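Me: I am new to this structure and should be grateful for a close look at a single part of it. Please choose one helix, explain what surrounds it, and then place it within the whole.

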Amino acid sequence: MEFNIYESSRDVFLDTVNTKDYIQLDRVSNIYQSLKDSITKPLKMILLYGKPGTGKSMFLTKLHDSLLSSHAAHLYSTPILDESEFFKTLAQDLYGMEYSGELNFTQFMKVVNNKELNGPVIPLILLDEAQLYSSSMMEKIRLLSDTRKVKFIIALHKTEKEDLIAKEHFQTRIWESIKLENASTTELMIYIQKKLMKANCLDTANMFSIKSINLIHKITDGNYRDTNKLMYTLFDIYLHYQQNNPNQINGSQVSNKIIEMSAIHTGLINA
Ligand SMILES: Nc1ncnc2c1ncn2[C@@H]1O[C@H](COP(=O)(O)OP(=O)(O)O)[C@@H](O)[C@H]1O
Ligand SMILES: [Mg+2]
């Protein structure tokens with residue numbers, strides 16, 4: 001297949017969570033290190049929170065991949081909302097136990113209490129989209145953590161329920177909480193350039209001056225998901241010009257007009 005720079009650049013910004021696309025950002029690396037330290041502390045549930053599109057799923061997936069060599073770690077990307085299914089999945093993942101019937105919390109607690117830890121390392125369960133769990137389920141998860149035989153890392157975005165969870169458990173000793181934020185302008189520049197460079201799109205990586213990054217930041221507020229949308233559309237527009245009106249585009253410097261056009265197209269600003 002022929003390499004088309006705009007097409008390849010566009011596809012760099014498909015909104016997918018894949019650790020091979022992970023970009024190391026300074027602020028996130030620091031968080032990452034402090035989280036890795038927390039994992040070894042006893043009696044801590046870890047809460048990862050932040051607005052949608054701040055990189056929680058990416059972070060959790062990356063963490064999961066890198067923990068696998070040293071820990072038993074299981075990532076639940078989609079919440080298992082049925083309680084019996086949830087405990088059955090835990091029993092399977094933690095102890096390799098299969099249940100055909102129901103498994104309720106009390107029964108599962110008995111199983112956990114009867115199990116000895118396999119060495120000094122507590123197995124980890126990483127729960128993404130945890131705002132979808134009920135508060136009674138969250139309470140059970142907390143009680144499970146209290147056994148110190150399993151540790152949960154919980155990612156959620158802010159909803160009213162999070163406030164509730166926060167109220168009840170946030171300040172207590174079981175939580176270590178970590179907040180992910182939108183990118184600063186500098187981080188956004190690194191994000192965009194590194195992403196493109198990773199895909200060998202050096203020419204387009206060089207199209208973005210600080211000025212154009214400032215404009216993109218103004219539109220997306222540094223939100224990674226919104227930035228992906230904007231950038232995808234931007235290169236799609238470039239691709240379109242290249243194929244239909246190549247004289248109208250300048251490939252050395254991104255045009256503010258096309259940035260704005262992309263923002264309107266994706267609904268990030270109103271026409
Ligand atoms: N560190 C990162 N490296 C590469 N891409 C990232 C990174 N953080 C976020 N992204 C991109 O941003 C998108 C949104 O991130 P995601 O983890 O899904 O956010 P959240 O779970 O907070 O809603 C991802 O699909 C991914 O493309
Ligand atoms: Mg997510």
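Reply: Two residues are in contact if their C-beta atoms, placed from the backbone, lie within 7 Å. Helices (H or I, at least four residues) and strands (E, at least two) are DSSP runs, numbered from the N terminus. The model is predicted: local features need pLDDT of at least 70 and side-chain atom pairs count only at pLDDT 80 or more, whereas totals for chains, interfaces and linings use all residues. Residues are numbered from 1 along each chain as its sequence is written, while chains are lettered from A and ligands numbered from 1 in the order in which they are written.

The part chosen is helix α3, residues 56-67. Its 12 residues should span 16 Å at 1.5 Å a residue (the expected span is 1.5 Å times one less than the number of residues), and the C-alpha atoms at its ends are indeed 16 Å apart.

Which residues of α3 are buried? They are Lys 56, Phe 59, Leu 60, Lys 62, Leu 63 and His 64. A residue counts as buried if 20 or more other C-beta atoms lie within 10 Å of its own, as exposed if 12 or fewer do, and as partly exposed in between. An α-helix has 3.6 residues a turn, so residues three or four places apart point the same way. The buried residues of α3 pack against helix α2 and against the strands β1 (45-49), β2 (73-76), β3 (124-127) and β4 (151-156).

Leu 126 shows this packing from the other side. Apart from neighbours within four places in sequence, Leu 126 is in contact with Leu 60, Leu 63, His 64, Ala 73, His 74, Leu 75, Tyr 76 and Ile 153. Leu 126 is also one of the residues with the most contacts inside the largest nonpolar core, together with Leu 48, Ile 154 and Leu 234. Such a core is a set of buried Ala, Val, Leu, Ile, Met, Phe, Trp, Tyr and Cys residues joined through C-beta atoms within 7 Å. This one has 60 residues, and helix α11 (residues 224-244) gives the most to it, namely eight.

Helix α3 also takes part in the surroundings of ligand 1, where α3 and α11 each supply at least two residues of the shell. A residue is near a molecule if its C-beta atom, placed from the backbone, lies within 6 Å of it. The residues around ligand 1 number 19, and Gly 55, Lys 56, Ser 57, Met 58 and Tyr 224 come nearest.

The wider setting can now be described. The protein is divided into domain 1 (5-16 + 183-265) and domain 2 (26-179), with bounds that come from an automatic or database domain assignment. The centres of the two domains, taken over C-alpha atoms, are 36 Å apart. Five residues of domain 1 are in contact with five residues of domain 2, and α11 contributes three residues, the largest share, to the side of domain 1 that touches domain 2. The shell around ligand 1 draws at least three residues from each domain.

Over the whole protein there are 12 helices and five strands, and buried residues make up 32% of the 271 residues. The C-alpha atoms fill a box of roughly 75 × 40 × 35 Å along the principal axes.
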